[in-house]
Amino acid sequence: MSDRLFIFDTTLRDGEQVPGCQLNTVEKIEVAKALQDLGVDIIEAGFPISSPGDFESVVEISKAVTWPTICALTRAVQKDIDVAAESLKFAKKGRIHTGIGTSFYHIHYKLNSNPDAILERAVEAVKYAKKYVEDVEFYAEDAGRTDNEYLAKIIEAVIKAGATVVNIPDTTGYCLPYEFGEKIKYLVENVNNIHKAVISTHCHNDLGMATANTISGIINGARQAEVTINGIGERAGNTSLEEVVMTLKSRQALLGIETGVNTKNIYNTSRLVSRLMNMPVQPNKAVVGRNAFAHSSGIHQDGVLKNRENYEIMDPTDVGINESAILLTARSGRAALNHRLELMGFDLGKEKLDEVYEQFLKLADKKKDIRDDDIAMLAGDATRHEKRIKLDFLQVVTGKSLTPVAIIRLDIAGEKFDATSAGNGPVDAAIKAVKQIIRRQVTIEEFLVQAITRGSDDIGKVHMQIEFNNAIFHGFGAHTDIVTASVEAFLDAVNKLPVGQ
Ligand code: KIV
Ligand code: ZN
């Protein structure tokens, strides 16, 4: 059996069915291109008969994507298959995914039919799809609750009719991992022509077991996994791509199965899908959650600083996250504080560190979330980087029906430089003007504005993270004028960039 698992991504079909997650065609193309860069093998682009929008998306994704197979879903209905084939006409490699419910519930209560008639419809649908494309996938909907003997009979018949892939969905997320694995094993052992098709898993997460079921299916012989980014999908979602791919990568020595996924693109793709589909990623989501690599207990932080593998089974950089986040809380140790201070450019020495650590513990007792600017304040401004670039003058013109314009003067090592820029807001205009002067390729990765007290006369605190040459630099600014605070925060970070690069 091959040791290569095909990744079939259904974010744009099963994932997109979720209320509130609908994308327009342009957005779907953006996701499809990201999936291609991620290295998935098959992109299920839609259910073309379901709406003109879905049809158009399959057409446009087929044009936009170069190498993954593009798949279109149908019911076991000729009209569905005609429309799917039409939508795939620009696909370099097209697949029709047709199928029908095979469980007792589906046969009797949904389809009002009987097992023999369903088997016949399944075979007819595959034969009909075969007239259009070579690559035909058959799904036995609710296979998770389908009797194994009947399932094997129908799978053998559809392979004989030409199915190249046989999908065994746990549509209702009902199976236990060992049970789902045994189902796949049963098919491997009891379907005579099974070697002529690839077995696919398609698990839902109603009991939180979609990934476990998928892995169990793979262990028992499945060589395609149907997944979505961030596990989005109907109800509790589908199997998440990142969990399956990283399980196989992390346990490669045991499982010996590979995918073609470029794991370093996982995090960016996760964030793109989350943003476009308005579906936040839960902070403790495996692999891509904000806290997936964040350590907050002192013992763990110390362990990670000594050797990352003490508490991390995956390297965060393997999924495109730059480094494990050490969250500073009242439980953090001196080593974690010192590590953060070093990242921020402070080199305090033992005595000063002890002093700052004591103040840090007092502050951490009062405040849950210790931020870099709090630490910078504790460490004392005097020890901070000497500011080579200073804000000398800033004037902003802004208003409801005006284009915001900023005039800025910077003092760089004693020399004055002026610039003027427009922007979509006063902060944007001011930052653009600064960028004109400093001419460094930096991007703002995070921009947080907080009021220190209440009221319109507040001092605004701005915390910024900028990226330069794949490294992150932090900046902090505080001022009653929020634009000035933002520019100060930006310059604070820029002052930490290596000079001359
Ligand atoms: O969950 C399911 O059974 C499906 C099929 C249409 C493949 O999504
Ligand atoms: Zn599904």
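Before you start clicking, one cut-off for the tour: a residue is called buried under 20% relative accessible area, exposed over 50%, and partly exposed in between. Keep in mind too that what you have open is a predicted model.

**Stop 1: the domains**

Colour the chain by its domain assignment: domain 1 covers 6-276, domain 2 covers 294-383 and domain 3 covers 389-494. Now hide domain 3 for a moment and look at the other two. The centres of domain 1 and domain 2, taken over C-alpha atoms, are 44 Å apart. Seven residues of domain 1 and seven residues of domain 2 make up the contact.

**Stop 2: where domain 1 meets domain 2**

Put a surface on both domains. Together they bury about 600 Å², and carbon and sulfur atoms account for 59% of that. Which three residues of domain 1 should you select here, as those supplying more of its buried area than any other three? Pick Met246, Lys264 and Tyr267, which contribute 66% of the area that domain 1 buries against domain 2.

Next, switch to sticks and look for charges. One salt bridge crosses this interface by the rule used here. Lys264 also belongs on your list for its salt bridge to Asp318, with 3.7 Å from N to O. Turn on polar contacts as well: four residue pairs, both partners at pLDDT 80 or more, are in polar contact across the interface of domain 1 and domain 2.

Back to cartoon to see what carries the domain 1 side. Helix H10 (241-250) and helix H12 (266-276) each bring at least two residues to the side that touches domain 2. H10 has the largest share, with three residues. By type, that side of domain 1 splits into three nonpolar, two polar and two charged residues.

**Stop 3: a buried pair starting from H10**

Stay on H10 and select Glu242 together with Lys285. Their side chains form a salt bridge at 3.0 Å, N to O. What does this pair tie together? Glu242 sits in helix H10 and Lys285 in the loop between H12 and strand S9 (294-295), so the salt bridge joins parts that are 43 residues apart in sequence. Are the two ends buried or exposed? Glu242 is buried at 1% relative accessible area, and Lys285 also counts as buried, at 8%.

**Stop 4: neighbours at 308 and 309**

Jump to Arg308 and Glu309. Their side chains meet in a salt bridge, with 4.0 Å from N to O. Switch the surface back on here: Arg308 is partly exposed at 23% relative accessibility, while Glu309 is exposed at 58%.

**Stop 5: a charged network**

Bring domain 3 back and select Arg409 and Asp392. You'll find another salt bridge between their side chains, at 3.8 Å, N to O. Follow the cartoon from one end to the other: Arg409 is in strand S12 (residues 405-412) and Asp392 in strand S11 (residues 389-397), 17 residues apart. Arg409 is partly exposed, at 28% relative accessible area. And Asp392? With 37% relative accessibility, Asp392 is partly exposed as well, because that value falls between the under 20% and over 50% limits.

Now widen the selection to Asp392, Arg409, Asp411, Lys416 and Asp418. Salt bridges link these residues in a network.

**Last look**

Zoom out and show every salt bridge at once. How many does the structure hold? The count is 31.

Key: Residues numbered from 1 in each chain as written. Chains lettered and ligands numbered in written order. Predicted model: local features only at pLDDT ≥ 70, side-chain atom pairs only at ≥ 80, totals over all residues. Heavy atoms only, no water. Domains from an automatic or database assignment. Contact = heavy atoms within 4.5 Å. Buried area = accessible area lost by both parts, 1.4 Å probe. Polar contact = N/O pair within 3.5 Å; in protein donor to acceptor, adjacent residues only side chain to side chain. Helix = DSSP H or I, 4+ residues; strand = E, 2+ residues; numbered from the N terminus. Nonpolar A, V, L, I, M, F, W, Y, C, P; charged D, E, K, R; others polar. Buried < 20%, exposed > 50% of the residue type's maximum accessible area, 1.4 Å probe, protein only.
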